[in-house]
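The exercises that follow ask you to look at one chain with some patience, and each is paired with a solution that goes step by step. Please keep the sequence and the structure in view as you read.

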Amino acid sequence: MIASKVSAHYTSQSCVKCGHTSKANRPNKGLLFRCECCGYELHADLLGSRNIALRTLLVRQDWMSRGVLSASPDVSKDETKAEILQRFSELRWTLDASPNLADKRVSAK
Ligand SMILES: [Zn+2]
């Protein structure tokens, strides 16, 4: 079994639906995540785990294509960190990838 290290930056503040990242997405710093941009709502822990799952897939994809594991880049360099966060911000959790009832209920407006 292989464990990958994934940056946890903003995992509880990044919308998995539209990518909007803001502290304001966590009203009163509670357990509910609500995207101020698209209105997507989810328990903050679930949101965080989805973001981490997406990031893990991205890291593994890089690993497969480059043959190099870059899961632990030098994040002390602002450029690298910004670049990684930019790539993470492009990740989306689509309904196709998550066919559970909770998501369908959220999307049915
Ligand atoms: Zn959103």
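## Exercises with worked solutions

**Exercise 1.** Locate Ala8 relative to E1, and then decide whether this residue is buried or exposed.

*Solution.* In this predicted model, Ala8 lies in the segment before E1. The next step is to look at its surroundings: Ala8 has 11 C-beta neighbours inside 10 Å, and because a residue with 12 or fewer is classed as exposed, Ala8 counts as exposed. As a last step, turn to Ile52, which is 44 residues from Ala8 in sequence, although the two C-alpha atoms are 6.9 Å apart in space.

**Exercise 2.** Carry out the same steps for Thr11, and state which residues Thr11 touches beyond those up to four places away in sequence.

*Solution.* Thr11 is also placed in the segment before strand E1, which covers 32–34. Around Thr11 there are 22 other C-beta atoms within 10 Å, and since 20 or more are needed for a residue to be buried, Thr11 is buried. Once residues up to four places away are set aside, Thr11 touches Gly48, Asn51 and Ile52. Ala44 is 33 residues from Thr11 in sequence, and the C-alpha to C-alpha distance between them is 9.0 Å.

**Exercise 3.** Work out in which order the helices and strands follow one another, and then check how the span of H1 compares with the expected one.

*Solution.* Begin with the count, which is 3 helices and 2 strands in the chain. Read from the N terminus, their order is β-β-α-α-α. Helix H1 takes in residues 44–66, and because its 23 residues at 1.5 Å a residue should span 33 Å, the 33 Å between its end C-alpha atoms agrees with that expectation. Within H1, the buried residues are Leu47, Asn51, Leu54, Arg55 and Val59. After H1 comes Gly67, which has a positive phi near 75°.

**Exercise 4.** Name the residues that make up the largest nonpolar core, and describe what surrounds Phe33.

*Solution.* The largest nonpolar core consists of 7 residues, namely Cys15, Val16, Phe33, Cys35, Tyr40, Leu42 and Leu47. Beyond its neighbours within four places in sequence, Phe33 is in contact with Ser12, Asn25, Arg26, Glu41, Leu42, Ala44 and Leu47. One of these contacts, Glu41, belongs to strand E2, residues 41–43, and Glu41 counts as partly exposed, with 14 C-beta neighbours inside 10 Å. Between the C-alpha atoms of Glu41 and Arg26, which are 15 residues apart along the chain, the separation is 9.9 Å. For the chain as a whole, 17% of the 109 residues count as buried.

**Exercise 5.** Decide where in the chain confidence is lowest and where it is highest.

*Solution.* Start from the average, a pLDDT of 78 for the chain, with 72% of the residues scoring at least 70. Confidence is highest in E1, at a mean of 95, and lowest in helix H3, residues 101–107, at a mean of 46. Over residues 101–109 the pLDDT is below 50, and this stretch has 5 contacts in the model beyond near neighbours in sequence. Where pLDDT is low, the predicted coordinates should not be read in detail.

Definitions and conventions: Residues are numbered from 1 along each chain as its sequence is written. This is a predicted model: local features need pLDDT of at least 70, side-chain atom pairs count only at pLDDT 80 or more; totals for chains, interfaces and linings use all residues. Helices (H or I, at least four residues) and strands (E, at least two) are DSSP runs, numbered from the N terminus. Two residues are in contact if their C-beta atoms, placed from the backbone, lie within 7 Å. A nonpolar core is a set of buried Ala, Val, Leu, Ile, Met, Phe, Trp, Tyr and Cys residues joined through C-beta atoms within 7 Å. The expected span of a helix is 1.5 Å times one less than its number of residues. pLDDT is the predictor's confidence in each residue, from 0 to 100.
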